[in-house]
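Trainee: I would like a close look at a single part of this model. Please take one helix and show me how it sits in the rest of the chain.

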Amino acid sequence: MSTEVRVWDPLVRIFHWTLVVSFIATYLSGDEIEWLHTNAGYIILGLLCIRIVWGIIGSQYARFSDFVYSPAIVKAYLKDLFKLQATRYLGHNPAGGYMVVTMMILLLLTTLSGMTLYGIDEGEGPFSNLHTASHFWEEVFEEIHEFFSNLTLLMVFIHILGVMLSSALHNENLTRAMASGKKSVSGNGGDE
Ligand code: HEM
């Protein structure tokens, strides 16, 4: 038996799985089911705002200061990862930490460009006053919103691959840890 510690607090876990559901809902609804697309988008924005504050005042492993490492450390980590010799971290590893921040920034840019487009196109939402903008700006924001949503999707795929690789490398189930919040101290998930 190995000792388990709580790494992910309830806020991080609720944030993560609500984000997953909301992201799937916004991506699949697109411009077909507008009420679902916009409301799931608002939920994502709300989740991000809460998570950013929690990244400053939250529990140990939830803080940005715990998982945003210097570029040199990230580079060294990636080098070791390619040799399949990466060190195990209880919180986000250095590459994972950068990916978390990248996904958060891309999700922010996607939601903000979406809200801008909604204002221009439909005269709805917090930027409804932009309804008077020309067709040119509608097309520009349509492109921007689509670009960021597709880039986010690409990062999500890389994120999931990273989770699978890291889980395999350290013989642990990181997805289960994001559900239960707990990880084994020793790192050998076989006897968890
Ligand atoms: C079913 C698919 C997914 C699985 C299995 C999964 C799994 C995980 C795991 C295991 C972690 C913790 C990584 C670690 O141990 O360092 C994590 C973190 C994270 N994931 Fe996912 N993920 C999924 C989908 C997504 C999606 C769709 C998004 C974004 C739209 C996302 C965004 C994030 C973020 C932002 C974090 C950091 C959580 C935090 O620190 O608050 N994930 N994910």
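Mentor: We start with the whole chain, then turn to helix α6 and what lies around it.

Two points on reading come first. Residues are numbered from 1 along each chain as its sequence is written. The model is predicted, so local features need pLDDT of at least 70 and side-chain atom pairs count only at pLDDT 80 or more, while totals for chains, interfaces and linings use all residues.

Now the chain. It has seven helices and two strands. Helices are DSSP runs of H or I with at least four residues, strands are runs of E with at least two, and both are numbered from the N terminus. In sequence order the pattern is β-α-α-α-α-α-α-α-β. The C-alpha trace spans about 65 × 30 × 30 Å along its principal axes. Of the 192 residues, 21% count as buried. Buried means 20 or more other C-beta atoms within 10 Å of the residue's own; exposed means 12 or fewer; partly exposed is in between; C-beta atoms are placed from the backbone.

Helix α6 covers residues 135–169. That makes 35 residues. From first C-alpha to last, α6 reaches 51 Å, close to the 51 Å expected at 1.5 Å a residue. The expected span is 1.5 Å times one less than the number of residues.

Which residues of α6 are buried? They are F141, H145, F148, S149 and T152. These buried residues pack against α1 (10–29) and α5 (94–122).

Two of them also appear in nonpolar cores. Such a core is a set of buried Ala, Val, Leu, Ile, Met, Phe, Trp, Tyr and Cys residues joined through C-beta atoms within 7 Å. F148 belongs to the largest core, seven residues in all, with F23, A40, I44, L47, L106 and L107. Here α2 (34–57) and α5 each supply at least two residues. The largest share, three residues, comes from α2. Look at I44 in this core. Leaving aside neighbours within four places in sequence, I44 is in contact with L19, S22, F23, T26, L107 and T111. Contact means that two C-beta atoms, placed from the backbone, lie within 7 Å. F141 is in a second, separate core of five residues, which also includes M115, Y118 and I120.

Next, the two ends of α6. The loop between α5 and α6 holds S128. S128 counts as partly exposed because it has 13 C-beta neighbours inside 10 Å. Beyond four places in sequence, S128 is in contact with G119 and G123. Just after α6, N171 takes a positive phi of about 50 degrees.

Last, the ligand. There are 19 residues around the ligand, and F23, H92, V100, L174 and M178 come nearest. A residue is near a molecule if its C-beta atom, placed from the backbone, lies within 6 Å of it. Helix α6 is among the elements that give two or more residues to this shell, along with α1, α5 and α7 (174–180). The largest share, six residues, comes from α1. By type, the shell divides into 13 nonpolar, five polar and one charged. Ala, Val, Leu, Ile, Met, Phe, Trp, Tyr, Cys and Pro count as nonpolar, Asp, Glu, Lys and Arg as charged, and the others, Gly among them, as polar.
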